Amino acid sequence: MNHKLRFFIIFLSAIFSNLFSQEDSDSLFFSELEEKLLQKYKLCTGDSLPSRKALLKWKSDISLITESQEYPELVKMYATETGLNPIDVHPCQIINWSIQRLRDKEETAVLLEQSKREILKKRADSLYLHQELSKNPAKPYQFENIPFGISKKGFMVLAGQFRNLTDEGNSIIVDSILLGSVVLKGAFHFDKNGLLTQYELESETAPLDSLDSWIRPQADSMAVYMQRKIGRPADHSYRVGRFDITQGRLAILKLWAFSEASVYAGLATSNYRYYAKLIVQAKSKSNEMQKDTVH
């Protein structure tokens with residue numbers, strides 16, 4: 001479509017958008033000629049009760065368009081693209097078709113541009129992740145496909161599988177993570193350089209009378225989950241009594257030790273509520289591994 005015809009169609013659209021802006025309180029007494037004109041008006045606009053002033057303005061606008069130099073080219077385009085004979089339709093149908101065609105083209109252009117941006121972003125994310133993952137090889141204790149040492153940006157790309165992420169600066173909180181049939185809360189922590197150094201999974205809390213019947217089994221499930229991931233039993237196992245569980249520290253049930261990380265499964269308490277917890281933490285000089293950092 002040439003620019004001149006495109007401008008013409010935009011002009012048509014502007015005219016048609018103002019067809020209903022004229023109001024007239026005159027009574028509608030139509031002559032035979034006006035009745036025929038009204039039928040055509042209804043066909044073209046869907047409006048059955050125009051004022052006389054609006055009806056005459058519509059007729060004038062249609063005449064202005066059909067008498068223009070560009071209209072024959074518009075008719076030719078209509079016949080070519082629709083396969084219909086222009087003689088069989090009212091000029092307003094040709095005009096409406098051209099306006100809708102322009103709108104469709106513009107909407108398609110917008111969608112194509114959005115798709116292009118999304119594709120380019122995915123390519124950039126993929127390249128970035130490739131670089132990130134090549135620097136941070138996978139370990140058996142990592143959470144799914146997210147290795148320690150990955151940047152916060154890389155984490156957010158990989159964490160697209162999660163819902164309800166909350167960015168708390170040095171931590172990303174995940175409201176719900178499905179571990180088998182158990183729904184857990186997750187927390188992923190980043191150091192001052194913005195690199196992932198620790199993650200925690202914890203169950204819902206429960207009162208003391210549910211500690212043995214509900215909380216301990218969930219801690220055992222976490223330990224079994226990690227044992228399967230790592231591929232070996234825990235390096236150390238501990239018996240934890242009721243009074244061994246104190247606020248601010250994880251009471252460790254199972255421990256796996258690696259040269260670059262430690263894995264803990266255990267029990268914790270906060271405000272007289274108990275919960276099961278898994279902590280996986282990269283080793284550093286300043287970290288106190290068994291501390292419960294969420295509560």
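# A walk through a predicted fold

The side chains of Glu202 and Lys277 form a salt bridge, with 2.7 Å from N to O. This pairing ties together distant parts of the chain. Glu202 sits in strand E4 and Lys277 in strand E8, 75 residues apart. Both Glu202 and Lys277 are buried. Keep in mind that this is a predicted model.

Now step back to the whole protein. It has 295 residues, and 40% of them count as buried. Its secondary structure comes to 7 helices and 8 strands. Take the contacts with a separation of 6 or more: residues 24 or more positions apart account for 50% of them. The protein exposes about 17400 Å². Carbon and sulfur atoms supply 53% of that area.

Next, go inside. In soluble globular proteins, nonpolar side chains tend to be buried together. Here the largest nonpolar core has 45 residues. Tyr141, Phe188, Met226 and Val263 have the most contacts inside this core. Several elements give two or more residues to it. Among them are helix H6 (152–158), helix H7 (211–230), strand E2 (171–179) and strand E3 (182–190). Strands E4 (196–202), E6 (251–257), E7 (261–270) and E8 (273–282) are also on that list. Which element gives the most to this core? H7 does, with 7 residues. Apart from this core lies another, of 19 residues. Leu38, Trp58, Tyr78 and Ile95 are among its members.

Look at Tyr141 in the 45-residue core. Leave out residues up to four places away in sequence, and Tyr141 still touches Phe148, Tyr199, Met226, Lys229, Ile230, Phe258, Glu260, Ala261, Val263 and Val280.

Helix H7 deserves a closer look. It has 20 residues. From its first C-alpha to its last it reaches 27 Å, close to the 28 Å expected at 1.5 Å a residue. Its buried residues are Leu211, Ile215, Arg216, Gln218, Ala219, Met222, Ala223, Met226 and Ile230. These residues cover an arc of only 150° around the axis, which puts them on the same side of H7. What covers them includes E2, E3, E4, E6, E7 and E8. The face turned away from the buried side carries the exposed residues Ser213 and Arg228. After H7 comes Gly231, with a positive phi near 90°.

Helix H4 (residues 71–82) can be read in a similar way. Its 12 residues should span 16 Å at 1.5 Å a residue. The end C-alpha atoms are 16 Å apart, which agrees. Which residues of H4 are buried? They are Tyr71, Leu74, Val75, Met77 and Tyr78. Seen down the axis of H4, the buried residues fall within an arc of 165°, so they line one face of the helix. On the other side of H4, Pro72, Lys76 and Thr80 are exposed. Tyr78 is also a member of the core of 19 residues. Gly83 follows H4, and its phi is positive, near 75°.

Return to the charged side chains. Side chains of opposite charge can pair when their charged atoms come close. The structure holds 7 salt bridges. One of them joins Arg216 to Asp212, with the closest N and O atoms 2.6 Å apart. Arg216 and Asp212 both lie in helix H7, 4 residues apart, about one turn of the helix. Asp212 is exposed, with a relative accessible area of 53%, whereas Arg216 is one of the buried residues of H7. Salt bridges that share partners also join Glu200, Glu202 and Lys277 into one network. That network includes the pair at the start of this tour, Glu202 and Lys277.

Lys152 forms a salt bridge with Asp167, and their closest N and O atoms are 2.8 Å apart. This pair links distant parts of the chain too. Lys152 is in helix H6 and Asp167 is in strand E1 (residues 165–167), 15 residues apart. Lys152 is partly exposed, with a relative accessible area of 22%.

End at a loop. Most residues other than glycine have a negative phi. Where is Asn271 found? It is in the loop between E7 and E8. Asn271 has a positive phi of about 55°, although it is not a glycine. At 58% relative accessibility, Asn271 counts as exposed. Tyr272 also has its place in the loop between E7 and E8. Its phi is positive, about 65°, and Tyr272 is not a glycine either. Tyr272 is exposed, with a relative accessible area of 76%.

Note on methods: Residues are numbered from 1 along each chain as its sequence is written. This is a predicted model: local features need pLDDT of at least 70, side-chain atom pairs count only at pLDDT 80 or more; totals for chains, interfaces and linings use all residues. Side-chain values use heavy atoms; hydrogens and water are left out. A nonpolar core is a set of buried Ala, Val, Leu, Ile, Met, Phe, Trp, Tyr and Cys residues joined through side-chain atoms within 4.5 Å. Buried means under 20% relative accessible area, exposed over 50%, partly exposed in between (1.4 Å probe, protein chains only). Contact means heavy atoms within 4.5 Å. A salt bridge is a side-chain nitrogen of Lys or Arg within 4 Å of a carboxyl oxygen of Asp or Glu. Accessible areas come from the Shrake-Rupley method with a 1.4 Å probe; for residues, only the protein chains shown count as cover. The expected span of a helix is 1.5 Å times one less than its number of residues. The arc is that of the directions from the helix axis to the C-beta atoms.
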